[in-house]
Amino acid sequence: LDSRKQRRGRAGRVQPGVCIRLISQSKMESLEGKTLPEMQRVPLENIYLQLCAIGIGSHTEFFARTPDPPEDTAVQLARAALNDLGALDDATADGLTPLGRHLAALPCHPRLGKILV
């Protein structure tokens, strides 16, 4: 709902314009007032892989310092999912297996990346 209000405010700012809403009033009223921050609504597997690839050691500490940190369980679930995929290896310096390094280089979700590799 907040992004729709923001777009409505842009219409007509620089030149004459109209903002057309393509959803009904009842649907508009049922929307949440604010969108959750991205770190709290997206899967963290890809971000976790990127942190490993660039050498950040303490992942939970990194996530805790973000402006809108995800829940600890989300970070633990990301780690568990990457372990299941075979992307993590605690014995290596960066914490990644060869597969994990390939997945970190791909611009897609690690599950899809494993299918592609």
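Here are three short exercises on salt bridges and a loop, each with a worked solution.

This is a predicted model, in which local features need pLDDT of at least 70, side-chain atom pairs count only at pLDDT 80 or more, and totals for chains, interfaces and linings use all residues. Residues are numbered from 1 along each chain as its sequence is written, and side-chain values use heavy atoms, with hydrogens and water left out.

**Exercise 1. Find how many salt bridges the structure holds, and say whether Glu61 and Arg65 are buried or exposed.**

Step 1. Start with the rule: a salt bridge is a side-chain nitrogen of Lys or Arg within 4 Å of a carboxyl oxygen of Asp or Glu.

Step 2. With that rule, the structure holds three salt bridges. One of them joins Glu61 to Arg65, with the closest N and O atoms 3.3 Å apart.

Step 3. Now for accessibility: buried means under 20% relative accessible area, exposed over 50%, and partly exposed in between (1.4 Å probe, protein chains only). Glu61, at 45%, is partly exposed, while Arg65, at 59%, is exposed.

**Exercise 2. Work out which parts of the chain the salt bridge between Asp90 and Arg79 ties together.**

Step 1. Check the distance: the side chains of Asp90 and Arg79 meet at 2.7 Å, N to O.

Step 2. Place both residues, using helices (H or I, at least four residues) and strands (E, at least two) as DSSP runs numbered from the N terminus. Asp90 lies in the loop between α6 (72-85) and α7 (98-105) and Arg79 in helix α6, so the pair ties together parts 11 residues apart in sequence.

Step 3. Add the accessibility: Asp90 is exposed at 63%, and Arg79 is partly exposed at 27%.

**Exercise 3. Describe the surroundings of Thr66 and Pro69 in the loop between α5 and α6.**

Step 1. Thr66 sits in the loop between α5 (59-64) and α6. Its relative accessible area is 14%, so Thr66 is buried.

Step 2. Look at what the Thr66 side chain reaches: the backbone oxygen of Phe63, at 2.7 Å.

Step 3. Pro69 is also placed in the loop between α5 and α6, and at 34% relative accessibility Pro69 is partly exposed.

Step 4. Leaving aside residues up to four places away in sequence, Pro69 touches Gln40, Phe63 and Ala64, where contact means heavy atoms within 4.5 Å.

Step 5. Finally, compare sequence with space: Pro69 and Met39 are 30 residues apart in sequence, and their C-alpha atoms are 6.5 Å apart.

Definitions and conventions
Polar contact = N/O pair within 3.5 Å; in protein donor to acceptor, adjacent residues only side chain to side chain.
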